[in-house]
Amino acid sequence: MAKEYLRTFRLFDFDEVEKHLLISGDLKGDCASCRALGIDFYSAETCPECGTPFKYCASRRLEMNPGERFQWARHMQEKRPDLTLIDYSDYAKILGKKKARDIFG
Ligand SMILES: [Zn+2]
């Protein structure tokens, strides 16, 4: 049976995702919880700064290169089968809403 990546929609506890998210950039990643930079997203199980265990991963790079989405998913799934891959634009959109709520709410 051929295996392919399909994007799915699932209900997440957003605070939980934000707390345990590793955001991958071009070469290194950063921690969404404490904003620590320069994290090796292939090997870091926890944040070297705040110690939070990573459970989710999103790629900021895909904002500029959306065509690489499935390539990235395949790559990360091989390297980090322990992480749930989420879409960065979804994350960023909800984070923006949450911040606006915190400021104006
Ligand atoms: Zn951290």
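This is a guided tour of one protein structure, with a suggestion at each stop of what to select next and what is there.

**The whole chain**

Begin with everything shown as a cartoon, and keep in mind throughout that this is a predicted model. The protein has three helices and four strands, and if you follow the chain from the N terminus onwards, these elements come in the order α-β-β-β-α-β-α. Turn the C-alpha trace about its principal axes and you will find that it spans about 50 × 30 × 25 Å. The radius of gyration is 14 Å, which agrees with the value near 13 Å that a compact globule of 105 residues would have. Of these 105 residues, 17% count as buried. Among the contacts with a separation of 6 or more, 48% are between residues 24 or more positions apart.

**The sheet**

Next, select the four strands, which form an open sheet in the order β2-β1-β3-β4 with mixed pairing. Look at the edges of the sheet, where β2 and β4 (84-85) stand: each has a single partner strand, so one side of each is left without a neighbour in the sheet. As background, strands of a sheet pair through backbone hydrogen bonds, and they may do so either parallel or antiparallel.

Now colour β1, residues 21-24, which is joined to β2 by three bridges, the two strands running antiparallel. These two strands form a hairpin with four residues between them, and you can find Ser 24 standing opposite Gly 29 in β2. With β3, on the other hand, β1 pairs in the parallel sense, over four bridges. Here you can select Leu 22 together with its bridge partner in β3, Cys 57.

**The core**

Stay with β1 and show its side chains. Which residues cover its two faces? Leu 21 and Ile 23 lie on one side and Leu 22 and Ser 24 on the other, and all of them are buried.

Then widen the selection to the largest nonpolar core, which has 13 residues; those with the most contacts inside it are Leu 21, Leu 22, Ile 23, Cys 31, Ile 39, Cys 57 and Ala 58. The elements that give two or more residues to this core are β1 and β3, and the largest share, three residues, comes from β1. In soluble globular proteins, nonpolar side chains tend to be buried together.

Click on Cys 57 once more and look at what surrounds this residue. Leaving aside neighbours within four places in sequence, Cys 57 is in contact with Leu 22, Ser 24, Phe 41, Met 76, Arg 80, Leu 83 and Leu 85.

**The loop between β2 and β3**

Move now to the loop that runs between β2 (29-31) and β3 (56-59), and select Arg 35 within it. Although Arg 35 is not a glycine, its phi is positive, at about 70 degrees. Is this residue buried or exposed? Arg 35 counts as exposed, because it has 11 C-beta neighbours inside 10 Å, and a residue is called exposed if that number is 12 or fewer.

Further along the same loop between β2 and β3, select Thr 52, which counts as partly exposed with 17 C-beta neighbours inside 10 Å. If residues up to four places away in sequence are not counted, Thr 52 touches Lys 19, His 20, Cys 31, Ser 33, Thr 46 and Cys 47.

**Helix α3**

Finish with helix α3, residues 88-104. This helix has 17 residues and reaches 24 Å from its first C-alpha to its last, close to the 24 Å expected at 1.5 Å a residue. How many of its residues are buried? The number is one, so α3 lies largely in the open.

Select Leu 95 in this helix, a residue that is partly exposed, with 15 other C-beta atoms within 10 Å. Add Phe 14 to the selection and draw a distance from C-alpha to C-alpha: Leu 95 and Phe 14 are 81 residues apart in sequence and 8.6 Å apart in space. For a second pair, draw the distance between the C-alpha atoms of Thr 52 and Phe 104, which are 52 residues apart in sequence and 29 Å apart in space.

Definitions and conventions: Residues numbered from 1 in each chain as written. Predicted model: local features only at pLDDT ≥ 70, side-chain atom pairs only at ≥ 80, totals over all residues. Buried ≥ 20, exposed ≤ 12 C-beta atoms within 10 Å, placed from the backbone. Pairing = 2+ DSSP bridges. Core = buried A, V, L, I, M, F, W, Y, C linked by C-beta atoms within 7 Å. Contact = placed C-beta atoms within 7 Å. Expected span 1.5 Å × (residues − 1). Rg over C-alpha atoms; globule rule 2.2 N^0.38 Å.
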